[in-house]
Amino acid sequence: MNSKGHVHEGILIPKDSKHYILHNAGVPVCCWEDEEHLLGCVQSQVTRGKGHSSSPVNGAPHVNGHHHRHHHDKKHHARGHHGHGTHGLFVKGTGVVVGHRGSPVHGQEKRWTRAATPVSVDGIAIVDIEVYDERIVGIYGCGENEEDTYVYAMPRWKQRRVDIIDLKGKFLLPTFVDLHTHIDKGHTAERSRNPTGNLSGADRSTAADAAFWDAEDVECRMEFSVRCAYAHGTSALRTHLINMTDKHIELTWPAFAKIRDRWKGRVELQGVSLVALSFFRDEDAARKLADVVAEHGGLLGAAVCCAEQGGMPEDDWTTCDKDRDLLLDRIFTLAKERNLDIDFHTDENGNELARGLRYVAEKTLKYGYQGRVVCGHCCSLAYQPEHELHRTLAVAAKAGVTVVSLPLVNQWTQDRHGSGGRTPRWRGITLLHEARQAGVPVAIASDNTRDQFYAYGDLDMLEVFNQGCRMAHLDRPYGTWVQSVTSTPANAMRVFDHGRIRVGCPANFIIFPTARRYSELLSRPQYDRIVVRNGSPIDTELPSYEELDYIPNAVLKGQVPSSEVSYDRVSGAVIWKTRVASSDPHPVEKRGHAMVSNIVLKKSLEYVNSTNTAMMHNAIGILQKVEWIVFLIVTFYLIQYT
């Protein structure tokens with residue numbers, strides 16, 4: 001096979017290779033075709049038994065990356081015309097083929113074979129993907145006979161210049177897009193533990209953790225989070241930033257701006273202000289927050305009907321029955337004046353009366369904000385009567401609101417009793433199938449990571465998709481559900497070059513060397529995944545949790561105690577230590593590593609002192625006993641020998 005080109009038997013992409021072909025890659029068809037166009041094309045062409053025909057991509061970018069939309073033209077499709085710089089879906093009998101013509105490399109026109117490529121029951125096709133100069137320049141169908149594939153139809157001059165990596169049917173996905181996260185709160189679960197595990201406990205412990213926040217603390221944890229997401233294969237991420245107090249606002253946005261600049265070109269970052277709906281009662285504070293968001297190029301956000309009592313009259317924090325319309329009008333007005341998109345938390349509970357999604361969708365239509373609004377959680381949809389559910393989803397679809405489900409977090413906090421000892425009765429997730437069937441764009445995202453709302457997670461979108469498939473039954477069939485972690489959230493973020501395998505887009509994708517089918521992909525954690533960015537594999541080593549073992553300045557200054565739990569290596573006994581400030585004005589020289597130097601462990605010292613005292617008393621007792629034994633022995637001998 002080496003005579004056919006420079007072929008790599010293993011899955012190894014040379015870092016210095018500008019031009020290569022991934023041969024026999026297993027790619028879900030929906031990753032390069034818009035769902036509506038794909039389904040319509042496959043159904044109409046295959047069922048009618050037409051031969052070769054092609055259609056332009058609905059919403060595909062040109063080779064130069066500019067987004068445009070083609071108009072449906074039956075004559076255009078019937079002629080089989082295929083424009084330069086685009087790719088289309090080809091049908092031959094019952095096989096589906098993708099192909100690309102034009103976009104020449106080195107000024108040469110490609111010569112290729114239209115080979116029928118069967119699509120599996122799960123929508124996976126075996127294709128060749130050509131990468132040149134950091135971009136995808138071709139996607140070609142692989143025939144059942146190897147000699148029919150593009151690799152074997154290449155001109156001889158190209159065979160000498162291109163690397164060929166045979167994936168042997170291994171899974172390939174576009175990089176992930178994480179639409180809803182909280183990296184400002186991430187990795188605080190241990191220092192401010194949620195004692196109950198439910199939503200109200202999370203709110204209280206999150207508020208308490210604010211005492212530890214300073215500029216370095218927030219930036220360090222946000223940086224750690226983005227590094228994790230990047231290593232797992234995420235190329236775009238949106239985070240909510242808690243902004244309930246002036247301190248929150250002053251700390252989160254500057255830190256976010258630094259992180260966004262630092263990761264530019266690697267992870268596309270977007271920030272959203274997060275406050276309760278009642279925050280907007282203060283017009284001055286609301287206006288100032290909107291100005292800060294606009295200054296940092298962010299999005300405006302709020303929590304609507306989102307508390308444990310959300311939707312009920314007694315919730316005057318996020319439901320605000322008396323003035324909800326006024327407050328929502330204020331949010332949309334502030335956003336429209338500053339041309340800001342909006343991202344809400346809505347209905348994060350199991351209350352039938354929580355209908356924040358509907359309220360937001362109605363305002364979206366009123367202000368002409370279609371396609372610019374996202375609503376996260378929407379858990380209460382599962383408890384709404386059918387007629388109310390239909391009404392809510394209909395207006396959400398009309399408004400073009402994207403619903404993002406957070407399965408990991410919602411199954412952890414929802415239907416949890418603070419006293420424990422009770423098994424939850426429902427899964428906490430929203431109605432993904434029903435929303436999608438109603439025409440609502442549906443995404444899945446990570447949400448919280450190792451904080452008070454979810455004690456686990458690592459911003460691994462494969463894990464999120466994996467658990468989403470299991471909890472929401474997205475697997476019979478898998479269909480196009482993988483779009484919920486790729487192109488659908490990319491559309492919501494308006495980053496159209498992400499979450500897709502498209503001709504003209506950057507060569508950003510993930511190869512899974514041990515998986516060929518969804519059942520294999522979702523049965524193991526896939527730690528050996530190969531993440532490719534701009535055509536080159538990246539370092540996927542995850543950061544160590546030890547990097548977070550620093551002491552916040554608030555603790556060093558004695559402003560707040562910090563607790564630490566460890567275990568005796570010999571006995572396994574729990575040791576509880578409380579850190580307080582020392583008299584040293586500079587007790588720690590460098591942050592970001594394990595730091596315990598010059599810190600007085602007050603509780604431990606008290607333990608040591610109490611232990612020493614106890615040992616002293618024990619020693620005295622032993623000496624007293626020894627004295628009595630000696631006295632008895634001496635007395636015995638005196639009596640015996642006198």
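**Cavities and nonpolar cores**

The second largest cavity is lined by Leu408, Ser446, Asn448, Thr449, Tyr454, Tyr456, Gly457, Asp458, Leu459, Asp460, Glu463 and Val464. The model examined here is predicted. Sorted by class, this lining of the second largest cavity comprises five nonpolar, four polar and three charged residues. The space inside the second largest cavity comes to about 40 Å³.

A probe the size of a water molecule, rolled over the atoms, reveals where space has been left empty. When the whole structure is searched, two cavities of 30 Å³ or more are found. The largest cavity has a volume of about 50 Å³. Around the largest cavity stand Arg238, Leu299, Asp341, Gly371, Arg372, Val373, Val374, Gly400, Thr402 and Ala492. Here the lining divides into four nonpolar, three polar and three charged residues.

One of the lining residues of the largest cavity, Thr402, invites a closer look. Thr402 belongs to strand E15, which covers residues 402-405. Its relative accessibility is 8%, and buried means under 20%, so Thr402 counts as buried. Leaving aside residues up to four places away in sequence, Thr402 touches Leu179, Val373, Val374, Cys375, Pro441 and Ala492. Among these contacts, Val373, Val374 and Ala492 also appear in the lining of the largest cavity.

Attention now turns to the nonpolar cores. In soluble globular proteins, nonpolar side chains tend to be buried together. The largest nonpolar core in this model holds 123 residues, and those with the most contacts inside it are Leu22, Ile129, Leu172, Phe344 and Phe509. Helix H14, spanning residues 461-472, gives the most to this core, namely seven residues. Which residues does Leu172 touch, not counting residues up to four places away in sequence? The list for Leu172 consists of Leu22, Ala25, Gly26, Val27, Pro28, Ile129, Leu167, Ile501, Phe509, Ile510 and Ile511. A second, separate core of 12 residues includes Val404, Ala443, Ala490 and Ala492. Ala492 in this second core is thus met again, having already been named in the lining of the largest cavity.

Asn243 offers a final example. Asn243 sits in the loop that runs between strand E10 (234-242) and helix H7 (246-262). Its relative accessibility is 0%, and for this reason Asn243 counts as buried. With residues up to four places away in sequence set aside, Asn243 touches His248, Ile249, Thr252, Trp253, Ser273, Leu274, Val275, Phe279 and Leu289.

Methods
Residues are numbered from 1 along each chain as its sequence is written. This is a predicted model: local features need pLDDT of at least 70, side-chain atom pairs count only at pLDDT 80 or more; totals for chains, interfaces and linings use all residues. Side-chain values use heavy atoms; hydrogens and water are left out. On a 1 Å grid over the protein atoms alone, a cavity is a set of points where a 1.4 Å probe fits but cannot get out, and a pocket is an open set with protein on both sides within 12 Å along at least five of seven lines; lining residues have an atom within 4 Å of a point. Grid points are joined across faces, edges and corners, and a volume is the space filled by probe spheres set on the points. Ala, Val, Leu, Ile, Met, Phe, Trp, Tyr, Cys and Pro count as nonpolar, Asp, Glu, Lys and Arg as charged, and the others, Gly among them, as polar. A nonpolar core is a set of buried Ala, Val, Leu, Ile, Met, Phe, Trp, Tyr and Cys residues joined through side-chain atoms within 4.5 Å. Buried means under 20% relative accessible area, exposed over 50%, partly exposed in between (1.4 Å probe, protein chains only). Helices (H or I, at least four residues) and strands (E, at least two) are DSSP runs, numbered from the N terminus. Contact means heavy atoms within 4.5 Å.
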